[in-house]
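Opening my notebook on this one. I'll jot down each thing as I look it up.

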Amino acid sequence: MQTSLQTHDAFLSSFDGGARIPGIDSTSLDRFDVVDPATGAAFTQVSNAPIELADHCLEVAGRGLRAWSGQSARARSNVLLRAAELLIERIEVIAATMTREMGKPLDESRAEVRFSADYLRWYSEEAVRSYGGYREAPAGGARLIVTRQPVGIALLITPWNFPLAMGARKAAAALAAGCSVILKPAEATPLSSLLLGDVLLEAGVPPEAFQVVTTSDSSGWSRTLMGDARLKKVSFTGSTRVGSMLIEQSAQHVQKLSLELGGDAPFLVFNDADLDRAVNSAVISKIRNGGQACVAANRFLVQDGIAAEFTAELSKRLNALTVGSGFADGVDLGPLISGQARKQVRGLVDGALELGAEDACAAPQPGGDGFFMNPAVLTNVPESATIASAEIFAPIAVVGTFSTDAEAVAKANNTPFGLAGYVFSQDIDRAFGVAHALDVGVLGINKGLVADASSPFGGIGYSGYGKEGGIEGMQDFQTLKQFNLDSPAATLLG
Ligand SMILES: O=CCCCC(=O)O
């Protein structure tokens with residue numbers, strides 16, 4: 001642990017932490033603290049870009065758009081592929097940075113670097129397949145050509161929970177489409193985005209086409225940029241509350257939005273499920289990223305015949321996890337992102353316990369300055385408890401039961417959110433039938449991980465709209481243009 005931390009300290013001493021805005025000397029800007037959630041103490045500072053720079057950023061991004069979209073698709077593809085390679089070459093430094101600013105165990109950070117590189121590689125492959133189409137008017141008299149064009153300057157607003165991957169997957173799609181980008185990372189985790197920016201620029205993205213704005217005034221920056229008609233697209237991952245605000249703000253200049261918002265994922269386990277597989281996947285889905293993921297299982301719903309066994313196994317597995325600094329060997333679970341987050345989750349758990357819920361883990365909560373939290377498995381949670389309808393974002397499992405398939409589906413769909421859902425059954429007809437009936441955008445069938453660079457990821461309802469990943473993710477950064485060519489009736493074909 002000491003070695004990784006010391007190496008990271010040495011790296012930080014030469015890292016400038018400056019916003020990446022061409023034409024601006026970042027050393028002249030004020031700075032804000034970045035806090036290590038494992039210690040609760042600030043460990044470095046980054047530029048606090050003032051919103052007065054918004055006009056400059058848009059002017060720069062306009063030039064970037066012309067420079068980048070003017071390159072051939074093959075040239076853009078090569079740059080993205082090189083960026084994927086560079087991410088992997090720098091995996092240790094980037095992973096350590098992510099662990100430092102966000103808290104997740106080093107192995108999870110490494111996995112996130114690989115996951116991010118997957119998106120860059122995937123979109124390097126898609127950049128050259130931006131196909132349009134050709135049609136002939138059914139009534140005759142017209143030949144129609146449809147092409148795709150970059151939507152324009154795109155603002156990417158990314159969350160703290162996946163500090164690298166959310167920026168990488170948005171940026172890869174936007175850049176493949178030919179857009180220029182202003183990336184605004186979360187205040188808590190700006191460093192991974194700065195490293196992503198360095199990788200993209202070194203790979204060959206023109207600096208004007210990829211700016212990174214680090215700021216402690218997120219809402220001020222998004223309001224100001226969105227108040228300008230030069231901005232054409234916003235891609236946001238974060239809360240439904242902020243997503244709703246962005247929808248309102250986008251109305252003024254009719255900006256295109258992709259919103260990846262909150263989740264309330266049901267995790268359904270049927271009597272005929274493979275118990276080991278269901279429990280393993282439950283641990284992955286709940287514990288990955290410390291439970292701080294929009295796709296994390298938020299409500300375990302287990303059929304009566306298997307519920308006691310599932311709960312006992314899940315509690316045993318969660319109690320055996322090691323909680324500690326993400327840099328320490330053998331750690332499964334790092335700290336939560338902040339003291340405020342931990343206080344809020346503790347309030348949810350205590351509220352449920354006061355209303356009669358039981359904690360099958362019953363682990364004492366850790367002390368110390370870091371924002372650590374032991375897992376809990378809550379059963380008998382009454383509907384009136386706030387945790388029953390909250391997005392928990394912590395290693396806290398809430399387990400309820402159902403009797404029939406219809407009841408499982410009704411309970412699972414009893415939420416305005418619709419991002420991820422999970423179904424565990426060895427009966428393929430049942431698993432697929434139930435999965436079809438769930439009102440969600442992404443499904444795990446007998447597995448607890450759902451995102452893949454090749455496929456569209458995104459939700460419905462309060463979980464937002466727009467897709468990331470797959471060809472659809474790139475199309476979200478494009479507009480369609482139709483060319484209507486006059487085609488007189490007489491033809492040369494006789
Ligand atoms: O918090 C939500 C981001 C999505 C993480 C994933 O791709 O699994």
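**Ground rules.** Buried is my word for under 20% relative accessible area and exposed for over 50%, with partly exposed in between (1.4 Å probe, protein chains only). I'm working with a predicted model, where local features need pLDDT of at least 70, side-chain atom pairs count only at pLDDT 80 or more, and totals for chains, interfaces and linings use all residues. I number residues from 1 along each chain as its sequence is written, and the side-chain values use heavy atoms, with hydrogens and water left out.

**Confidence.** I looked up pLDDT, the predictor's confidence in each residue, from 0 to 100. The protein averages 96, and 98% of the residues score at least 70. For the model I also noted ipTM 0.95 and pTM 0.96.

**Record.** I checked UniProt, where an unreviewed entry lists residues 25–482 as "domain: Aldehyde dehydrogenase". Its positions are given in the numbering used here, feature names are shortened, and annotations may be inferred rather than shown by experiment. I get 40% helix and 21% strand for that span, and its end C-alpha atoms lie 43 Å apart. My helices (H or I, at least four residues) and strands (E, at least two) are DSSP runs, numbered from the N terminus.

**Ligand.** Which residues are around the ligand? I used a cut-off of one heavy atom within 4 Å. My list has F115, N161, F162, M166, R169 and E260, and it goes on with R288, A293, C294, V295, A451 and F457.

Then I went after polar contacts, meaning pairs of N or O atoms within 3.5 Å; within protein, one must be able to donate a hydrogen and the other to accept it, and residues adjacent in sequence count only if both atoms are side-chain atoms. R169 puts a polar side-chain atom 3.0 Å from a ligand oxygen. R288 also has a polar side-chain atom at 3.0 Å from an oxygen of the ligand. With C294, a polar backbone atom is 2.8 Å from a ligand oxygen.

**Positive phi.** I looked at N289, a residue other than glycine whose phi is near 60 degrees, a positive value. N289 sits in the loop between α10 (275–287) and β11 (297–303). Is N289 buried or exposed? I have it as buried, with a relative accessible area of 2%.

A362 isn't a glycine either, yet its phi is positive at about 50 degrees. I place A362 in the loop between β12 (358–359) and β13 (376–379). At 57% relative accessibility, A362 counts as exposed.

**Cysteines.** How many disulfides does a search of the whole structure find? I got zero, taking a disulfide as a pair of cysteine sulfur atoms within 2.5 Å. C179 has its closest cysteine sulfur in C57, and at 17 Å that is too far for a bond. I also noted that C179 is buried at 0% relative accessible area, and that C361 is buried at 7%.

**A174.** C179 turned up again in the contacts (heavy atoms within 4.5 Å) of A174. Leaving aside neighbours within four places in sequence, A174 is in contact with C179, V181 and F477. I find A174 in helix α6 (residues 165–177), where its 0% relative accessibility makes it buried. I also took a C-alpha to C-alpha distance: A174 and E101 are 25 Å apart in space and 73 residues apart in sequence.

**S281.** This serine is in helix α10 and is buried, with a relative accessible area of 8%. Where does the S281 side chain reach? I see it at 2.8 Å from the backbone oxygen of R277. Not counting neighbours within four places in sequence, S281 is in contact with F267, F424, N446, K447 and G448.

**Helix α8.** In α8 (residues 218–226) I have G220, W221, S222, L225 and M226 as the buried residues. They pack against two helices and four strands, listed here as α2 (54–69), β5 (153–157), β6 (180–184), β8 (231–237), α9 (240–251) and β9 (256–260).

**V331.** My last stop is V331, in the loop between α11 (304–319) and α12 (339–354). V331 counts as buried at 13% relative accessibility. Beyond residues up to four places away in sequence, V331 touches P105, T322, G324, S325 and G326. From V331 to K232 I get 43 Å, C-alpha to C-alpha, with their places 99 residues apart in sequence.
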